[in-house]
Every structure is written in C-alpha cells, then in structure tokens.
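Trainee: Could we go through this model together? I would like to begin with its interior.

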Amino acid sequence: MADTHDHPGEQAAADPIKLLAIRDTPLSVDEVFRAVGDDAAGGTTLFVGTVRNHDGGADVDALGYSCHPTAEAELRRVAEKVVADFPVRALAAVHRVGDLRVGDLAVVVAVSCPHRGEAFEACRKLIDDLKHEVPIWKHQTFSDGTEEWVGAC
C-alpha cells in the first residue's frame with residue numbers, strides 16, 4: 001500500500017480559493033460552506049463572526065463597517081498566504097460592510113483540508129490575518145452616546 005501522503009487528496013488543491021468577497025448585502029453561512037465542499041477534505045472549519053450587543057464593557061447601539069478600495073486585493077493576499085502554508089483543498093471568505101444590527105453576520109470564513117487539525121489551523125490563520133491585515137474598519141456607537149473606530153490597519 002502506498003504512503004497516504006502520496007495520495008493527491010492529501011495535497012493542496014490546484015486552485016483552492018473558491019470565494020472571496022466584501023459585500024454590502026447579508027452574508028450566507030450556507031454559501032460559504034458550499035464553496036469549500038471537497039470530497040478529499042476530511043476536515044472543514046467554519047468561523048462566523050456576528051455583531052454583538054456590547055464591547056469593552058459598554059452597550060453597542062449601532063455598528064458599521066467600511067473598507068479601503070484595496071480591501072478585496074488584500075483579502076486575496078491573505079488567502080494566498082494561507083493556501084501557501086497549509087494543504088488547503090478549498091477556502092472561502094466574505095466580509096460585510098455597511099450598517100449592521102446586533103446578531104447580523106459580519107464575516108464568514110471557511111477552510112477545508114485533508115485533516116481536521118490542518119483545517120482548524122488554516123481557518124484560524126485566515127480569520128486572524130483578515131482581521132489584522134485587511135483594511136476594514138468598524139465604527140461603533142455606544143448607548144451612552146460615545147463612539148469608536150476600530151481598524152485592522
């Protein structure tokens with residue numbers, strides 16, 4: 001029997017980036033999950049970021065995201081780094097911009113890999129690097145009338 005690591009399914013896919021977008025319309029977990037479906041993947045990790053009703057001990061009344069015109073290109077660069085570092089079979093990431101309500105989906109990312117550990121690590125790197133490197137900014141308005149900008153860059 002051949003070494004399991006020699007099987008093509010154990011390797012990264014030739015074109016694993018399936019979906020990347022920054023949208024001003026509601027996001028779909030199902031769309032992202034479908035985008036990363038791959039018969040060779042033994043592990044798929046999905047992260048969903050939602051708008052919460054508080055931050056830093058204060059109640060959040062309103063939240064909006066905006067982005068720099070280069071944000072999608074930076075998102076692609078982040079995704080390409082992840083697929084270079086892990087045996088990714090499929091990857092998808094979408095982020096919302098515009099005005100959002102508590103409970104709305106702000107970001108959905110997913111990665112499928114041959115094994116679960118790789119999928120967890122790759123998905124964690126994808127969301128962490130997206131939050132730190134893609135120029136998307138969050139504007140929060142608190143119930144006490146104060147506001148704050150939180151940025152990735």
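The conversation below covers the nonpolar cores and then two valines.

Mentor: A note beforehand: this is a predicted model, in which local features need pLDDT of at least 70, side-chain atom pairs count only at pLDDT 80 or more, and totals for chains, interfaces and linings use all residues. Residues are numbered from 1 along each chain as its sequence is written, and side-chain values use heavy atoms, with hydrogens and water left out.

Trainee: Which residues touch the most other members of the largest nonpolar core?

Mentor: Val88, Leu91, Val109, Val111 and Leu126 do, in a core of 31 residues. A nonpolar core is a set of buried Ala, Val, Leu, Ile, Met, Phe, Trp, Tyr and Cys residues joined through side-chain atoms within 4.5 Å; buried means under 20% relative accessible area, exposed over 50%, and partly exposed in between, with a 1.4 Å probe and protein chains only.

Trainee: Is there a second core, and what does it include?

Mentor: A separate core of 10 residues includes Leu27, Ala90, Ala92 and Ala110.

Trainee: What is leucine 91 in contact with?

Mentor: Beyond its neighbours within four places in sequence, its contacts (heavy atoms within 4.5 Å) include Leu19, Val83, Val111 and Leu126.

Trainee: Changing topic: is valine 60 buried or exposed?

Mentor: Valine 60 is buried because its relative accessible area is 6%. Among its contacts outside four places in sequence are His54, Val102 and Phe142. Arginine 23 lies 37 residues away in sequence and 22 Å away in space, C-alpha to C-alpha.

Trainee: And how does valine 48 count?

Mentor: Valine 48 counts as partly exposed, because its relative accessibility is 30%.
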